[in-house]
There are 4 protein chains.
Amino acid sequence: MSGNSIGKLFTVTTFGESHGPALGGIVDGCPPGMELSEDDLQIDLDRRKPGTSRHTTQRREADQVKILSGVFEGKTTGTPIGLLIENTDQRSKDYSKIADTFRPGHADYSYQHKYGFRDYRGGGRSSARETAIRVAAGAIAKKYLKQQFNVEIRGYLSQLGPIKIEKIDWDVIDSNPFFCPDADKVAELEAYMDALRKEGESIGAQVDVVARNVPPGLGEPVFDRLDAELAHSLMSINAVKGVEIGDGFACVDSKGTAFRDEITPEGFLSNHAGGVLGGISTGQDVVARIALKPTSSLRLPGKSINRHGESIEVVTHGRHDPCVGIRATPIAEAMMAITLMDHLLRHRAQNIDVDAGLPVLR
Amino acid sequence: MSGNSIGKLFTVTTFGESHGPALGGIVDGCPPGMELSEDDLQIDLDRRKPGTSRHTTQRREADQVKILSGVFEGKTTGTPIGLLIENTDQRSKDYSKIADTFRPGHADYSYQHKYGFRDYRGGGRSSARETAIRVAAGAIAKKYLKQQFNVEIRGYLSQLGPIKIEKIDWDVIDSNPFFCPDADKVAELEAYMDALRKEGESIGAQVDVVARNVPPGLGEPVFDRLDAELAHSLMSINAVKGVEIGDGFACVDSKGTAFRDEITPEGFLSNHAGGVLGGISTGQDVVARIALKPTSSLRLPGKSINRHGESIEVVTHGRHDPCVGIRATPIAEAMMAITLMDHLLRHRAQNIDVDAGLPVLR
Amino acid sequence: MSGNSIGKLFTVTTFGESHGPALGGIVDGCPPGMELSEDDLQIDLDRRKPGTSRHTTQRREADQVKILSGVFEGKTTGTPIGLLIENTDQRSKDYSKIADTFRPGHADYSYQHKYGFRDYRGGGRSSARETAIRVAAGAIAKKYLKQQFNVEIRGYLSQLGPIKIEKIDWDVIDSNPFFCPDADKVAELEAYMDALRKEGESIGAQVDVVARNVPPGLGEPVFDRLDAELAHSLMSINAVKGVEIGDGFACVDSKGTAFRDEITPEGFLSNHAGGVLGGISTGQDVVARIALKPTSSLRLPGKSINRHGESIEVVTHGRHDPCVGIRATPIAEAMMAITLMDHLLRHRAQNIDVDAGLPVLR
Amino acid sequence: MSGNSIGKLFTVTTFGESHGPALGGIVDGCPPGMELSEDDLQIDLDRRKPGTSRHTTQRREADQVKILSGVFEGKTTGTPIGLLIENTDQRSKDYSKIADTFRPGHADYSYQHKYGFRDYRGGGRSSARETAIRVAAGAIAKKYLKQQFNVEIRGYLSQLGPIKIEKIDWDVIDSNPFFCPDADKVAELEAYMDALRKEGESIGAQVDVVARNVPPGLGEPVFDRLDAELAHSLMSINAVKGVEIGDGFACVDSKGTAFRDEITPEGFLSNHAGGVLGGISTGQDVVARIALKPTSSLRLPGKSINRHGESIEVVTHGRHDPCVGIRATPIAEAMMAITLMDHLLRHRAQNIDVDAGLPVLR
């Protein structure tokens, strides 16, 4: 398929540009019979949507999703679910100046090489606005996984610039605009962001995602390992530059006896592997982490070239997130949900009758 | 597809178990007319093969590849290339003891849950022996990319346990058994590995891969971004727990002005992005890094359970790599080559006539 | 992918039910830089739309398509093209009676078995209304193929019930409601259809499609042969029960010397093969034929069962086409266009530099 | 994927040329735990293999298949099954003369246009020898479908040139070299073929395939309908020019009341639809029919051109089937098995919990 689809059995395809009339998508492969309404999707869309605090872009979008098909009398029918979100607050004239310039760190230059032609308004297709549809699609996957297996997928901000967040209180995450799981760090984050905005700068961030109660057996060796497909789906989020499963890069300086997760009849003694062995889920928490780069849209001037190859200075106007990592938590959850859902369906297809003869350990 | 294929237009499918009669694979989508012989593939297979130094497994495998189709009168025909490597030195009786046990940190437990049944000899399908075919397939991609665009894909060991390797001398890499690019570090690595073996331990490692002269425009937004598919293909290598593109996790504590790679008519001023913007190659070096966990096959006893859920102690006999990262360099190169090749073909399909009107900057 | 997509590089995905709020789709893989407007799509939509003569369903739908993305300043950008057609004249109450019954010859019974639950209004997803989006997507492919290679894809009604149409006047096809290429047969068709409606019956039909100026080399052996994928795409049209390429079933009683198309330096001497040899286009006209069954929606009662397995009599109300084959011509053209376009892109990817050293013969 | 794979969850990929060292393939997606041996595959391979009567090519090939992976202790493991058949009786020198010529009716000309270069020995990749691997793969699907659902897939010759075979005695089919189900017609077929060989001619044929006990619910609307994918897989067999489902082209002159299959609590009253409604299996027999053209390899001279575009006369030497339809029956069965198996797995993935609340009618 041509690049805008993900998942083999639970397939999400999206369309839409930042400043076009609408974003949309198709979720193909949702099993029939699940209760589903627009409200189910709106919860996560509202968590992601812009303009909910002073720390994100001030573009105002209701991000109100419409379900156009695949649901009848309140239940999924097994046919494709059409999704639509209208763009309402685009201000395209902000962008007319950049038609001929390539903002450093943006996709402008690479899109020009690829397509020779681009919708420059707000980044066009390369804008993170596209992820709204991912979040809507992810909400469908989340609901199914929760209903069938009590799977819970939760993410949180684990670092923002120099501020590391190590205390995890799951109840705190949705009560602050950063998805920060440590209530004590929120003030520090606010102060940091306020200073950053004043400075005209942007900053990177790190987000962790954890899925609980994942059934063992998900993942298809050898190329479609669960961890490999999680890496794919998480790295496909705008601005992500790194993905870790479990302990990730910390394994480089680890010894075998320390890293292998020993097993007892009562359960695993550790989870360095992040819930995946040989590319297949074990039943432990599936744990992933992503690094998000600082946005490149800055009012501080940067060097670049224009379409004629001439040296220019670029200053980015328009409304932007100074830290794209802040709104990334629901997106990361959505991508993990989509990938787990896809693998659940793939697993079922072939292994429906399998009896491991083993307990599920956590 | 069912999990053992990678790539949409340059498609590699593999089969084979560690202790079965043979490994094999099919490369579908290689353009016609390229000169190709088994020798072209053997070069990289010999770099990966076991038993070439005391620091890797002592299993002796010639890893001699046969091309069974797709090449006629010394040239590719455009039809699928069948590859076969016979296993010659399997010692399956070493493994009979583990039929009923689950080695901690191995795929034994998750395979049991998935399939209810497994080829336990040498890890069966989960063994890294499978990567031999990837290396053979990657050599085909490498050759094509080199001939058409002078693309060069090179990897190296950048860290082994606590030993960080920061000096990069490309000429040194293939002259030591570690793919270490710093000649001064080789003695230290040898000493470390000798001590490790004595101890009965294993250790993690980190490998970097760099592709030069990559044409700009490769990568399909939004899900099949080049970096997302690199993350997929690299994370699908056995034991990999993390993938970074460009500066990777270092972006978390970076500011926007520092991270965005500024552009001048003479070229980019930096490459924090690792050659990918908006998921599309820029023409700069494509840079990726992977973390490999320490092997879990240890003669030091570990806690686990058997098939009946009873507590046991596991000691792994057989012949193993104490650091799987050592032989990972040619595998990582192969996976990057396969992914770039696939994206080259995908790019061509749609953008054949595109003129960016821009120079290619490096 | 999950069943609602077709094409590997030019990928069309559709959603929508007959009586839902809208139909929609995504065309992913259209090359950038082609001029495209809604008018380009509307031409074929208007040829397919219902209610244009007394011989088709009297449901009134403007079938006005909106392009929601992928086009900027009048040109395709290379990103996915979102399509939307609102349903405006659904009368769902006509269908409430069939919620618990299975109309013979319809998908009601098989959908019930598959999904356990179905949108019964107007056939839901199984309605041929879904093909409106195919026609819109096909128009994009048609335009590209025409611009790049002067490919012309034309279809016509070649039989309706007992009336065989053998004279082909290409200029006549769009001037009558049957897509009949023989002006002299139109009155006979009208009379036949009028009698049929009076009777309460429906009738089968046959449609031919021909593509001219197709470049040689399209088609991927061995499974994705051009003819195999045409068979797939044409058989996926509602009500189609047979597909022929070239002479089709007439080959069964043909001898080799008669059937093989001899070649001279001036061109082929015949085209029994229908423009495809070994699954690859030759440059001759690509010729296909489909058989469409009579619609099963009849006011004449038929035997069936209800959801409780009880015997019932079914009479279908609502508005229906007494001959679905009449409106099938633009749909068949669209499917051929989509398949040829997909294969054009696939061919390019791998064979861009191929010089056959041969003239293109027609 | 790149053309040599079929099936999304039960995926068969093949490689190999007529005169290369071997044919091979990979079956990916077979569920674990099924007993499987080479003998299971050999039964159908022996039915297809050449040289078993004077009416097929005299090339002698044992077509002995090796299973190289995916089976352990006599059972499938769920990992890919590697298949290999060595070529033993190729006589490539027979073909050196055709290196520069294009046999009319063969793939020579279209391959030259596609690839610019081809393995001309015995048709290379375009040879029907490739289907041996399909037959081996199909045997795996057949076995699974039989064990799980008692599905039986049987084919037969229904016409050869002018000889129509209408009496179906299932017990007779495997007792004559034609797969003819009417014992009374065998002598006529023998006489016809003997005369044909003397004449130097070839002839077309028609093969029917029927699958019994297919579970209802298989098939994915709208593009991956079961009938559409059957059309794809059957049309991908060498020399096939037409595919019908159920009554096929006979529907063109049928009325709705006659064609719709009425349902009673005891079962369907007819099966004009061929076991598929709305693209989904109903539980009735799935019935398909294919037309195979006469082989174009003839010793009677035919007009063509050579690589320089010059007029030549072509006479084909080598050993050929005068009626490729004779050996097509096991191939058609295999392709139907592969497609049904794939759809069984796809159906399971999404509809595992579906209760239609309906009996399965036949």
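**Chains C and D: contact and shared sheet**

Trainee: How many salt bridges are there between chain C and chain D?

Mentor: The count is four. A salt bridge here is a side-chain nitrogen of Lys or Arg within 4 Å of a carboxyl oxygen of Asp or Glu. One joins the side chains of Glu199(C) and Lys255(D), at 3.0 Å, N to O.

Trainee: What kind of model is this?

Mentor: A predicted one: local features need pLDDT of at least 70, side-chain atom pairs count only at pLDDT 80 or more, and totals for chains, interfaces and linings use all residues. Residues are numbered from 1 along each chain as its sequence is written, chains are lettered from A and ligands numbered from 1 in the order written, and side-chain values use heavy atoms, without hydrogens and water.

Trainee: How much area do chain C and chain D bury between them?

Mentor: About 9400 Å², with 61% of it on carbon and sulfur atoms. That is accessible area (1.4 Å probe) lost on putting two parts together, summed over both. In chain C, Lys114(C), Phe223(C) and Lys241(C) lose the most to chain D, together 10% of what that side buries.

Trainee: And how many residues does the contact take from each chain?

Mentor: 121 from chain C and 122 from chain D. Contact means heavy atoms within 4.5 Å.

Trainee: New topic. How many strands form the open sheet?

Mentor: 10, in antiparallel pairing. Strands are DSSP runs (E, at least two residues), numbered from the N terminus, and two pair if DSSP finds at least two bridges between them.

Trainee: Which strands are at the edges?

Mentor: E9 (163-164) of chain C and E9 (163-164) of chain D. Each pairs on one side only.

Trainee: What stands opposite Lys164(C)?

Mentor: Gln159(C) does.

Notes. Helices (H or I, at least four residues) and strands (E, at least two) are DSSP runs, numbered from the N terminus.
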